[in-house]
Amino acid sequence: MFSRTALARAFALPYGQSARPLTTSFGACLRQASTTTTSSQSHPEQTSEPLSATPRAQTSTPSQQPPISTPSNTIPTSKLPVPPTFTSPLKVTKSLLEKLPYLTTQKPHYITAHLHDKPYLLTEGDHLRLPFLMPKVKPGDVIRFNRASVLGSREFTLKGAPYVDERLFECRVRVMGVDAEPLRVKEKTKRRRRHVQKVQSKHRYTLLRVIDVKVKSAEELLQEGAVIVEAEEGASEVEVKA
């Protein structure tokens, strides 16, 4: 395959001289690559865009964010407080104005407040546990009862027909917290069925404390714009207990 002359010349050369051209060319390639990499790293500003302190003009229109929901939007319409519907001033009779000071000055007062058509006999300082959990309330909130059928003291009583006008009194209660009953387990089964179903229930109730029961005086009613009228059928009157 090879002639003797070519083989003799190849074996006659020393090992260092035969490997020198390969080493030189490979080293040159390495040095050239490292130099190119160093030069590209030492001058990054030539390839990247120069920084600028001036803000760029906004070309696209800003995206509209959804409106932030307020607490009034989260409460359903059926749970919102009923706004006042007083289109006319309070009408009081002369006999009511004459007997009202006797009821106002004689304390303590009691009230028969109605909540969800259930009457509650309350006086200042009483604790009330509602038979349900009142929604949308927190401990410390102050609530006003504006529906009452009876206002009274030891000797005098003011009855409504069927309810007393809420502008005649103030009944405020404070939410104390939530109470829970012990866990109840009820077993339910059916005939000809080898299975007993256990239903657990633990009801919670709202705790309230009456902080104020007040009957407004005749002077306060007149300052608020009450109008004196003649005796009308069905109007609220102060009665003296026998």
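Contact here means heavy atoms within 4.5 Å.

## Model and confidence

This is a predicted model. The protein contains 5 helices and 13 strands, and buried residues make up 23% of its 242 residues. Of the contacts with a separation of 6 or more, 72% are between residues 24 or more positions apart.

Mean pLDDT for the protein is 77, with 64% of residues reaching 70 or more. Confidence is lowest in helix H2 (residues 15-42), where the mean is 46, and highest in E4, at 96. Residues 21-42 have pLDDT below 50, and this stretch has 0 contacts in the model beyond near neighbours in sequence. Where pLDDT is low, the predicted coordinates should not be read in detail.

## The four-stranded sheet

One open sheet has 4 strands in the order E4-E11-E8-E5, with antiparallel pairing. Strand E4 (127-129) and strand E5 (142-144) are the edge strands; each has a single partner strand, so one side of each is left without a neighbour in the sheet. On average, neighbouring strands in this sheet are turned by 35° against each other, direction ignored.

Within the sheet, strand E8 (residues 169-180) and strand E11 (residues 204-215) are joined in the antiparallel sense over 11 bridges. Aspartate 179 is placed opposite tyrosine 205 in E11.

## Histidine 127

Histidine 127 belongs to strand E4. Is histidine 127 buried or exposed? With a relative accessible area of 60%, histidine 127 is exposed, the cut-off for that class being over 50%.

Leaving aside residues up to four places away in sequence, histidine 127 touches Leu208 and Arg209. Histidine 127 and isoleucine 211 are separated by 84 residues in sequence and by 9.5 Å in space, C-alpha to C-alpha.

## The five-stranded sheet

Another open sheet has 5 strands, ordered E3-E2-E6-E7-E13, and its pairing is antiparallel. Its edges are strand E3 (118-123) and strand E13 (237-240), each with a single partner strand, so one side of each is left without a neighbour in the sheet. From one strand to the next, the twist averages 25°.

Strand E6 (residues 148-152) and strand E7 (residues 156-159) run antiparallel and are joined by 3 bridges. In this pair, valine 150 stands opposite lysine 159 in E7. Helix H4 packs on the sheet and touches E6, E7 and E13; the direction of H4 makes about 55° with that of E13.

## Helix H4 and serine 217

Which residues of helix H4 (residues 94-105) are buried? They are Leu96, Leu97, Leu100, Leu103 and Thr104. Viewed down the axis of H4, these buried residues fall within an arc of 115°, so they line one face of the helix. Glu98, Tyr102 and Thr105, on the other side of H4, are exposed.

Two of the buried H4 residues also take part in contacts with a loop residue: serine 217 touches Leu100 and Thr104, not counting residues up to four places away in sequence. Serine 217 lies in the loop between E11 and helix H5 (218-223). Its relative accessible area is 17%, and serine 217 is therefore buried, as the class requires a value under 20%.

## The nonpolar core

The largest nonpolar core holds 34 residues, and those with the most contacts inside it are Ile111, Leu122, Phe145 and Leu158. Two or more residues each come from H4, strand E2 (110-115), E3, E6, E7, E8, E11 and H5.

What does leucine 122 touch, not counting residues up to four places away in sequence? The residues are His109, Tyr110, Ile111, Ala113, Leu128, Phe145 and Val210. Ile111 and Phe145 in that list are, like leucine 122, among the core residues with the most contacts inside the core.

## The E9-E10 hairpin

Strand E9 (residues 184-189) and strand E10 (residues 196-201) pair in the antiparallel sense over 6 bridges. Across this pair, valine 185 stands opposite glutamine 200 in E10. The hairpin of E9 and E10 has 6 residues between the strands, and arginine 192 in this hairpin takes a positive phi near 60°.

Definitions and conventions
Residues numbered from 1 in each chain as written. Predicted model: local features only at pLDDT ≥ 70, side-chain atom pairs only at ≥ 80, totals over all residues. Heavy atoms only, no water. Pairing = 2+ DSSP bridges. Axes fitted to C-alpha atoms, helices over the stretch in contact; angles between N-to-C directions. Buried < 20%, exposed > 50% of the residue type's maximum accessible area, 1.4 Å probe, protein only. Arc of directions from axis to C-beta. Core = buried A, V, L, I, M, F, W, Y, C linked by side-chain atoms within 4.5 Å. pLDDT = per-residue confidence, 0-100.
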